[in-house]
Amino acid sequence: MTHLLDWQGVLTGQPLQWILSGFLTTLWVTLAGIVLASLLAILFLALRLSGGRAGRGVTAAWVSLFRNTPLLVQLLFWYFAAWNLLPQGMRDFVNDDHAWSTLPGNVWWLTPEFLCSAWGLGVFTSAFLIEEVASGLHSVSNGQREAALAQGFSSWGMLQHILLPQGLANAWQPIVGQYLNLMKLSSLASGIGFAELTYQVRQIESYNAHALEAFAVGTVLYLITGVVLGFLFTRIGPPPVGTAKRVKKVSLNIAGRVEDGR
């Protein structure tokens with residue numbers, strides 16, 4: 001039995017509009033999730049470094065909770081439970097129509113589905129980013145930490161100027177892997193009714209039964225997106241400088257600060 005592929009049923013008319021809408025929605029929620037995950041990871045890393053035992057405990061609890069529970073369960077919790085705990089006025093505001101809440105591509109970001117998806121993806125990925133960046137930070141020699149503290153760097157200043165530049169260079173490839181994983185995991189947001197690419201592909205299947213063609217197009221789009229994002233992140237990431245060069249550079253920076261202080 002042969003199956004004749006009918007691409008016209010996917011790449012024309014309403015199905016094509018659904019695919020384009022879902023693809024753009026996936027891109028925007030991926031970008032939002034990456035930004036949120038990165039900010040949360042930096043915040044908890046700073047808390048781990050400067051918050052003493054309590055800060056380390058809070059960070060460890062955050063990582064353990066979100067790394068060891070399924071993402072789909074988390075998304076369902078944020079959408080069906082946590083969302084309903086917000087003040088009614090806030091929920092009404094989000095549910096109202098706002099002309100300024102439309103992103104390029106006619107993607108509405110001020111909706112419960114978009115916000116819960118971006119938050120869930122960001123929180124989940126941040127737990128992995130914390131450990132990836134922490135591994136990179138641990139590769140920085142203790143001598144540089146001691147020198148920074150001796151010159152009066154605060155914990156945040158040491159993290160910002162000494163540890164992060166080197167730690168990110170060491171851990172950049174694993175970080176990029178987590179960003180790409182976030183993009184792929186966005187497909188789970190269809191479980192809360194978020195109209196991203198997987199949701200729209202399944203809608204085409206119900207609309208005209210072109211399941212094979214629709215999922216083939218969706219797979220290609222995910223593949224292309226992953227390759228392009230991986231290339232871009234690799235290009236904009238910190239250069240993989242050798243350890244000796246990093247030590248010399250940081251030592252010169254610290255020496256420059258000492259000269260300025262004198």
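**Close-up views of a predicted model**

**View 1. Surroundings of helix α9 in the predicted model.** The elements that cover the buried residues of α9 include α1 (8-11), α2 (13-50) and α10 (211-236). The buried residues of α9 are Leu197, Thr198, Gln200, Val201 and Ile204. When α9 is viewed down its axis, these buried residues fall within an arc of 165 degrees, so they line one face of the helix.

**View 2. The length and the two ends of helix α9 (residues 197-208).** With twelve residues at 1.5 Å a residue, α9 should span 16 Å, and the 17 Å between its end C-alpha atoms agrees with that expectation. At the N-terminal end, Glu196 acts as a cap, with a side-chain oxygen placed 2.9 Å from the backbone nitrogen of Thr198. The residue that follows α9 is Ala209, for which phi is positive, near 65 degrees.

**View 3. Thr26 in helix α2.** Thr26 counts as buried because its relative accessibility is 2%, the cut-off for that class being under 20%. If neighbours within four places in sequence are left aside, Thr26 is in contact with Ser186, Glu196, Leu197 and Tyr222; of these residues, Glu196 is also the one that caps the N-terminal end of α9, and Leu197 is listed among the buried residues of that helix. The C-alpha atoms of Thr26 and Val107 are separated by 9.7 Å, although the two residues stand 81 residues apart along the chain.

**View 4. Thr125 in helix α6.** Thr125 has a relative accessible area of 3% and is therefore buried. Not counting residues up to four places away in sequence, Thr125 touches Ala37, Gln178 and Leu182.

**View 5. The aromatic pair of Phe124 and Phe128.** The structure holds 13 aromatic pairs, and the one formed by Phe124 and Phe128 is tilted, with 5.1 Å from centre to centre and 55 degrees between the planes. The two residues are separated by about one helical turn, because they are four residues apart in helix α6 (residues 112-138). Phe124 counts as buried, at 9% relative accessibility.

**View 6. A cluster of aromatic rings.** Phe44, Trp62, Phe66, Phe77, Trp78 and Trp119 are linked into a cluster by ring pairs.

**View 7. Spans annotated in UniProt as "transmembrane region".** The unreviewed UniProt entry places this feature at residues 20-47, 68-86, 106-130 and 212-233. In the model, residues 20-47 are 100% helix and 0% strand, and the end C-alpha atoms of that span are 41 Å apart. Residues 68-86, by comparison, are 79% helix and 0% strand, with 25 Å between the end C-alpha atoms.

**View 8. The chain as a whole, given as context for the close-ups.** The protein chain contains eleven helices and two strands, and its elements run α-α-α-α-α-β-β-α-α-α-α-α-α from the N terminus on. Of its 262 residues, 41% are buried. Among the contacts in the chain with a separation of 6 or more, 74% are accounted for by residues 24 or more positions apart.

Definitions and conventions: Residues numbered from 1 in each chain as written. Predicted model: local features only at pLDDT ≥ 70, side-chain atom pairs only at ≥ 80, totals over all residues. Heavy atoms only, no water. UniProt positions renumbered as here; feature names shortened; annotations may be inferred. Phe/Tyr/Trp six-rings, centres within 6.5 Å; stacked < 30°, edge-to-face > 60°. Buried < 20%, exposed > 50% of the residue type's maximum accessible area, 1.4 Å probe, protein only. Expected span 1.5 Å × (residues − 1). Arc of directions from axis to C-beta. Contact = heavy atoms within 4.5 Å. Polar contact = N/O pair within 3.5 Å; in protein donor to acceptor, adjacent residues only side chain to side chain.
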